[in-house]
Amino acid sequence: MQLKRVVVTGLGALTPIGNNIEEYWDALVNGKSGSAPITYYDTEKFKVKFACELKNYKTEDHFDRKEGRKLDRFAQYALVSSDEAIRDSKLDLEKLDKFRVGVIWGAGIGGLETFQNEVMNFANGDGTPRFNPFFIPKMIADIAPGNISIKHGFMGPNYTTVSACASSANAMIDALNYIRLGHCDVIVTGGSEAAVTIAGMGGFGAMHALSTRNDSPETASRPFDATRDGFVLGEGAGALVLEEYEHAVARGAKIYAEVAGGGMSSDAYHMTAPHPDGIGVVRVMENCLRDAGLSIEDVDAINTHGTSTPLGDVAELKAITQVFGEHAKDININSTKSMTGHLLGAAGAIEAIASILAMEHGMVPPTINHTTVDENIDPSLNLTLNKAQKRDVKVAMSNTFGFGGHNACVVFKKID
């Protein structure tokens, strides 16, 4: 059986540095930081007082009051970004066979704010179990793709992938394979997360996973820098319309890129720490290239997982050097988390979009906030530091890794 080709025909983004694709790309190439003091709750007693929140996002701008009350923020973000991607694709929804249109979405946590608020309300009450009837359907991670399909009538495969911070990358790989195998013509994929909450910040803070630079939030996310001290939590969503190539060509669709392949692996090492030798990361990139039928010399750019943690950044760059050898020095390597923070389950989606836009515009976004060289990092690597670099990117790779040792890698190429 010959696998079908899969292309990207629509993009949507809701991020801490831009509430649509145009704003997101403009902020990326200009090195804008999305990190700022938290506005959602009183942080006085919290060790970490900043995050990458969405800016100028209001539920009432997108949903009426009744509908908005039924949706956790992570599901709202999914609907807003997927609507943009569907509009961007210019699909004629009336002409589609909706049984062949699916939604495969990623979320590492789901409705954390809903869960937090309902449990806190119960704990502060008199013991009577008074819960909102929408508690469960607002909270469950699979409600995001469920709501997207309900809104548009898509009746193909519909589910959520959950693999911590690799969730939306896994969703894209699943979507790729469903279309490749001929099960679907179109799949809306991506991921969303809304964990900037009391519980989310408190939990990650207790793990000592977060940067504590309260005096300079905008520079706190500093991947590859010797003074990095943890990641900055972000929120938002990214959406992509994946489509079978012939289906897209037949309707005259704009094609952003081809989804060349995807790879997966597991560290099988530790609950939260990466393998120090990057064994699983080496294998996931090798698997991705093999799946895509590409050589190491084909790759022009890699958007790393690059969370700004002391262990993770070094392990990933060592793995890149091991996989790509001397060619690693010719690759534009970057981490857009330096600007967006870490969107957990949505990270893979917004970073894949950044990779696709880098191909579209011939420009690789920078890794900002780098001031101090880390002696543990090979100085010959081009980490695209502090300023965007022009580059004719024909093949771009995006790495995403999650707690539990989950590794996912997606590679895109310019359409022939």
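**Close-up views of a predicted model**

**View 1. Four phenylalanines gather in one place.** Phe115, Phe122, Phe131 and Phe135 make up one aromatic cluster. This is a predicted model, so please read each view here with that in mind. Across the structure there are 8 aromatic pairs, and the next two views each take up one pair.

**View 2. Tyr57 and Tyr77 meet edge-to-face.** The ring centres of this aromatic pair are 5.2 Å apart, with 90° between the planes. Why does the pair tie together parts that are 20 residues apart in sequence? Tyr57 belongs to the loop between β3 (50-51) and α2 (65-68), while Tyr77 belongs to helix α3 (residues 73-89), so their pairing links these two parts. Buried or exposed, where do Tyr57 and Tyr77 stand? Both Tyr57 and Tyr77 are buried.

**View 3. Phe204 and Phe231 also form an edge-to-face pair.** Here the distance is 5.5 Å centre to centre, and the planes are at 75° to each other. Phe204 is found in helix α8 (residues 198-206) and Phe231 in the loop between α8 and β7 (236-244), so this pair joins parts that are 27 residues apart in sequence. Phe204 has a relative accessibility of 12% and therefore counts as buried. Phe231 is buried too, with a relative accessible area of 5%.

**View 4. Arg5 places its charge over a ring.** Look for the ring of Tyr245: the charged end of Arg5 sits over this ring, 4.4 Å from its centre.

**View 5. Cys288 and Cys409 face each other without a disulfide.** How many disulfides does the structure have? The count is 0. For Cys288, the nearest cysteine sulfur is that of Cys409, at 3.6 Å. A disulfide calls for sulfur atoms within 2.5 Å, so a pair at this distance is not counted. Cys288 is buried, with 0% relative accessibility. Turning to Cys409, the nearest cysteine sulfur is that of Cys288, and Cys409 is likewise in no disulfide. Cys409 also has 0% relative accessibility and counts as buried.

**View 6. The largest nonpolar core lies between two domains.** This core has 45 residues, and those with the most contacts inside it are Val8, Leu11, Leu240 and Phe412. Among the elements that give two or more residues to the core are β1 (6-14), α1 (21-29), β8 (257-266) and β14 (406-413). Which element gives the most? That is α13, with 8 residues. Domain 1 (8-251) and domain 2 (260-405) each contribute residues, so the core lies between them.

**View 7. Leu240 and its contacts.** Neighbours within four places in sequence are left aside here. The residues in contact with Leu240 include Val8, Gly10 and Leu11, together with Ala85 and Met172. A run of contacts from Ile187 through Val188 and Thr189 to Gly190 also belongs to this picture. Ala349, Ile353 and Ile356 are further contacts of Leu240. Elsewhere, a second, separate core of 30 residues includes Trp105, Ala144, Phe154 and Ala194.

**View 8. Domain 1 meets domain 2.** The protein chain is divided into domain 1, covering 8-251, and domain 2, covering 260-405. Taken over C-alpha atoms, the centres of the two domains are 21 Å apart. How many residues of domain 1 are in contact with domain 2? There are 63 of them, and they touch 60 residues of domain 2.

Methods. Residues numbered from 1 in each chain as written. Predicted model: local features only at pLDDT ≥ 70, side-chain atom pairs only at ≥ 80, totals over all residues. Heavy atoms only, no water. Phe/Tyr/Trp six-rings, centres within 6.5 Å; stacked < 30°, edge-to-face > 60°. Helix = DSSP H or I, 4+ residues; strand = E, 2+ residues; numbered from the N terminus. Buried < 20%, exposed > 50% of the residue type's maximum accessible area, 1.4 Å probe, protein only. Lys NZ or Arg CZ within 6 Å of the ring centre and 35° of its normal. Core = buried A, V, L, I, M, F, W, Y, C linked by side-chain atoms within 4.5 Å. Domains from an automatic or database assignment. Contact = heavy atoms within 4.5 Å.
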